[in-house]
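Work through the salt bridges of a predicted model. Keep the chain and its coordinates at hand.

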Amino acid sequence: MSELDELYREVIIDHGRSPRNRHALEGETVVSQEGYNPLCGDRLTLYLDLRDGVVADAGFTGEGCAISTASASLLTERVQGLSVADADALFARFRAVMTDAPLPAGEAPELEALEVLEGVRAYPMRVKCATLAWHTLHALLAGDDEAPATTE
Ligand code: ZN
């Protein structure tokens, strides 16, 4: 395992053990969405406080494996302050990173904090754990009534 892989692994373990923003949000501007990954049993509810088209705050609750928890934790840190459009664009890029080609170096600096999850791609069963929170985010931002799918 390279030093970088080791660093990434530590970030995932850290966020998995001590998730950030693990709490529900309340208020008139808060929207929420449930997500479920039947392959692993991960369940979460994602909360966003949307004010004037900007993610003012983000949180999540639920139970899942370390990877799904770490991914949700990283997501809630990363989307705060983003416009709804930028947050959804981040989902699209994250999904591409998790399912397609590796991210070219320096091509998308805004994804740096999320590249830690790229190593998960080596374990196809766990990709759905890592993407669960992101599909939930997308469903929430897109206003889909359907439960988020983690089928890709
Ligand atoms: Zn999982």
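The exercises below cover pairs, their places in the chain, and their exposure.

**Exercise 1.** Find how many salt bridges the model holds.

Solution. Apply the cut-off: a Lys or Arg side-chain nitrogen within 4 Å of an Asp or Glu carboxyl oxygen. The count comes to 4 salt bridges.

**Exercise 2.** Test Arg20 and Glu77 for a salt bridge, then locate both residues.

Solution. Step one: the closest N and O atoms are 3.9 Å apart, and the pair forms a salt bridge. Step two: Arg20 sits in the loop between helix H1 and strand S1, while Glu77 belongs to helix H2. The two are 57 residues apart, so the pair links distant parts of the chain. Step three: Arg20 is partly exposed at 25% relative accessible area. Glu77 is partly exposed too, at 41%.

**Exercise 3.** Do the same for Arg22 and Glu63.

Solution. Their side chains meet in a salt bridge, 3.6 Å from N to O. Arg22 lies in the loop between H1 and S1; Glu63 is in strand S3, and 41 residues separate them. Arg22 has a relative accessible area of 33%, so it counts as partly exposed. Glu63 reaches 59% and is exposed, because the cut-off is over 50%.

**Exercise 4.** Classify Arg51 and Asp49 as buried, partly exposed or exposed.

Solution. First the contact: Arg51 and Asp49 form a salt bridge, with closest N and O atoms 3.0 Å apart. Arg51 is partly exposed at 48%. Asp49 has 8%, so it is buried, the limit being under 20%.

**Exercise 5.** Which residues are joined into one network by salt bridges that share partners?

Solution. The network consists of Asp14, Arg20 and Glu77.

Note on methods:
Residues are numbered from 1 along each chain as its sequence is written. This is a predicted model: local features need pLDDT of at least 70, side-chain atom pairs count only at pLDDT 80 or more; totals for chains, interfaces and linings use all residues. Side-chain values use heavy atoms; hydrogens and water are left out. Helices (H or I, at least four residues) and strands (E, at least two) are DSSP runs, numbered from the N terminus. Buried means under 20% relative accessible area, exposed over 50%, partly exposed in between (1.4 Å probe, protein chains only).
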